[in-house]
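User: Hey, can you walk me through this one? I'm new to reading structures.
Analyst: Sure, let's take a look together.

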Amino acid sequence: MPNTESLKDTIARALPYYDAEIVPALRREERVLVAAHGNSIRGIIKHLSNIGDNEIVGVEIPTGQPLVYELNDDLTVRDSYYLSERAA
């Protein structure tokens with residue numbers, strides 16, 4: 001069997017990074033740009049949007065389309081949208 005990483009494995013690797021690096025930057029009110037492979041982004045989206053295990057597999061994440069998350073002070077999601085949806 002080839003060496004692979006499941007979504008569960010990816011989440012187990014990505015979320016500690018999110019908590020250790022991204023959350024502190026957000027608490028300092030910095031803007032954060034995350035660029036990553038599809039499953040890493042999928043894991044963070046699953047976490048932020050509170051998407052269940054069965055539902056996340058059906059979530060399509062387009063390549064090269066920035067997804068914006070606006071967060072409340074407690075880092076819960078206030079809004080999320082693809083930048084192309086709000087472009088003037």
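**Getting oriented**

User: How much of the chain counts as buried?
Analyst: Of its 88 residues, 27% count as buried. Buried means under 20% relative accessible area, exposed means over 50%, and partly exposed is in between, using a 1.4 Å probe and protein chains only.

User: Anything I should know about the model itself?
Analyst: It's a predicted model, so local features need pLDDT of at least 70 and side-chain atom pairs count only at pLDDT 80 or more, while totals for chains, interfaces and linings use all residues. Residues are numbered from 1 along each chain as its sequence is written, and side-chain values use heavy atoms, with hydrogens and water left out.

User: OK, what secondary structure does the chain have?
Analyst: Four helices and two strands, in the order α-α-α-β-β-α along the sequence. Helices (H or I, at least four residues) and strands (E, at least two) are DSSP runs, numbered from the N terminus.

User: And how big a box do the C-alpha atoms fill?
Analyst: Roughly 45 × 30 × 20 Å, taken along the principal axes.

User: Tell me about helix 2. Which residues does it cover?
Analyst: Helix 2 takes in residues 38-49, twelve in total. From first C-alpha to last it reaches 16 Å, close to the 16 Å expected; the expected span is 1.5 Å times one less than the number of residues.

User: Which of its residues are buried?
Analyst: In helix 2 those are S40, I41, R42, G43, I44, I45, K46 and L48. They pack against helix 1 (7-27), helix 3 (53-56), strand 1 (67-71) and strand 2 (77-82).

User: Wait, why does K46 count as buried?
Analyst: Because its relative accessibility is 17%. K46 touches I11, I51, G52, D53 and I56, not counting residues up to four places away in sequence. Contact here means heavy atoms within 4.5 Å.

User: And S40, what does that one contact?
Analyst: T10, R13 and A14, again leaving aside neighbours within four places in sequence. S40 counts as buried because its relative accessibility is 12%.

User: What follows helix 2?
Analyst: N50, whose phi is positive, near 55°.

User: Switching topic: how do strand 1 and strand 2 run?
Analyst: They run antiparallel, joined by five bridges. Two strands pair if DSSP finds at least two bridges between them. One of the partners in strand 2 is S80, which bridges to Y69. The hairpin has five residues between the strands, and L75 takes a positive phi near 70° there.

User: Where's Q65?
Analyst: In the loop between helix 3 and strand 1. Q65 is partly exposed, with a relative accessible area of 39%. Apart from neighbours within four places in sequence, Q65 is in contact with Y82 and S84. Q65 and L83 are 18 residues apart in sequence, and 7.1 Å apart in space, C-alpha to C-alpha.

User: Last thing: what volume does the largest pocket have?
Analyst: About 1,200 Å³. Of the 36 residues lining the largest pocket, the closest to its centre are V32, V34, L67, V68 and Y69. Helix 1, helix 2, strand 1 and strand 2 each give two or more residues to that lining.

User: What counts as a pocket, though?
Analyst: On a 1 Å grid over the protein atoms alone, it's an open set of points where a 1.4 Å probe fits, with protein on both sides within 12 Å along at least five of seven lines; lining residues have an atom within 4 Å of a point. Grid points are joined across faces, edges and corners, and the volume is the space filled by probe spheres set on the points.
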